[in-house]
Amino acid sequence: MNLNGKVALVTGASRGIGEALAIGLAEHGADIAIYDLESEEKGLLNTKKLVENTGQRCWSYFLDVASKPQITETINKTLSDTDSIDILVNNAGILTPSSLEGLDEKTWDAHFDVNTKGVFLMCQSVLPHMRSKKSGRIINIASIAGRQGSPTQGHYASTKAAVITLTRVFAQEVGEAGITVNAICPGIILTEMGKNNLGSEKEIKHWSNVAALKRLGYPKDIIGPTVFFASDLSDFVTGQSINVCGGIYFH
Ligand SMILES: NC(=O)c1ccc[n+]([C@@H]2O[C@H](COP(=O)([O-])OP(=O)(O)OC[C@H]3O[C@@H](n4cnc5c(N)ncnc54)[C@H](O)[C@@H]3O)[C@@H](O)[C@H]2O)c1
């Protein structure tokens with residue numbers, strides 16, 4: 001799974017899964033452009049250093065994926081810095097647990113703005129370049145929540161179900177241009193988001209027990225499937241969403 005000579009973009013890369021994916025893609029030979037909110041500068045610069053430690057090049061940018069003007073400006077800047085965009089990993093996401101009955105409109109909108117509109121706008125912004133090259137790989141980080149949904153995650157799960165659908169439709173619309181679009185549905189991954197969501201040691205134990213592999217995930221568990229979707233080995237795979245959850249969910 002060789003990504004030599006490719007440039008991969010990873011959003012939400014200041015920590016957690018995004019940080020692991022930036023490093024993992026670099027370890028497989030890609031140069032990396034990373035993005036996160038300005039408030040996450042420290043984490044973003046740390047990820048840049050870790051990517052550069054692999055020997056690959058790394059460019060970092062402040063970007064709110066919910067803002068179309070920022071995306072347009074930042075992707076133009078990226079292209080002039082890197083000369084190419086071969087792989088896009090839409091990883092940025094938010095989760096504030098709440099019952100649907102108790103959820104306020106602002107929180108609903110914020111989740112859709114970041115988790116769903118962010119993916120849509122980022123895809124739109126890189127596709128003209130990928131089309132001109134007649135190749136490209138887009139990998140969306142969805143969630144097993146988007147397959148089913150669970151209490152306190154109705155809004156989040158809805159955003160991720162929409163990402164799975166966007167993945168299917170983008171794949172059908174851009175396949176003839178040699179571009180594949182796939183999604184990864186992580187299970188419970190021990191990041192800031194994963195831990196916030198679980199809340200207690202008791203829940204961590206419970207879900208570890210439910211998982212076929214008897215453990216929860218680490219950010220590095222998402223690297224293999226992402227590199228597979230980014231590499232030539234997945235040439236004939238598009239529009240698919242794969243659960244990477246240690247066997248918590250099976251559909
Ligand atoms: N951790 C889990 O259990 C889990 C499970 C399934 C799916 N996911 C998904 O994986 C992705 C990464 O999650 P994580 O667990 O690493 O979470 P995290 O909270 O540790 O990291 C999320 C990153 O996204 C960034 N971000 C948030 N809003 C942004 C915005 N508007 N613009 C740009 N960047 C923004 C954050 O600053 C942060 O760096 C998310 O899409 C999440 O929904 C996580």
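Helices, in the sense used here, are DSSP runs of at least four residues, numbered from the N terminus. With that convention, α6 is the element that gives the most to the shell around the ligand, contributing three residues. The structure discussed is a predicted model, and the ligand offers a suitable place to begin.

The elements that give two or more residues to this shell are α1 (16-27), α5 (154-174) and α6 (192-198). There are 29 residues around the ligand, and those that come nearest are Asp36, Asp64, Asn91, Tyr156 and Thr191. When the shell is sorted by class, 14 of its residues are nonpolar, nine are polar and six are charged.

The backbone also takes part in the contacts with the ligand. A polar backbone atom of Ile17 is 2.9 Å from an oxygen atom of the ligand. Another ligand contact involves Gly187, where a backbone N or O atom lies 3.4 Å from an oxygen atom of the ligand. For Leu63, a backbone N or O atom lies 3.4 Å from a nitrogen atom of the ligand. On its own, the ligand has 830 Å² of accessible area, and the protein covers 95% of it. The space that the ligand takes is the largest pocket.

The reader may now turn from the ligand to the charged side chains. Ten salt bridges are found in a search of the whole structure. One of them joins the side chains of Arg15 and Glu192, with an N to O distance of 3.7 Å. This pair links distant parts of the chain, as the two residues are 177 residues apart. Glu192 belongs to helix α6, whereas Arg15 lies in the loop between β1 (7-11) and α1.

Technical notes: Residues numbered from 1 in each chain as written. Predicted model: local features only at pLDDT ≥ 70, side-chain atom pairs only at ≥ 80, totals over all residues. Heavy atoms only, no water. Near = heavy atom within 4 Å. Polar contact = N/O pair within 3.5 Å; in protein donor to acceptor, adjacent residues only side chain to side chain. Areas by Shrake-Rupley, 256 points an atom, 1.4 Å probe, with all protein chains shown as cover. 1 Å grid on protein atoms, 1.4 Å probe; cavity = no way out; pocket = protein on both sides within 12 Å on 5 of 7 lines; lining within 4 Å. Sits in = over half its atoms within 2 Å of the grid points. Nonpolar A, V, L, I, M, F, W, Y, C, P; charged D, E, K, R; others polar. Salt bridge = Lys/Arg side-chain N within 4 Å of Asp/Glu carboxyl O.
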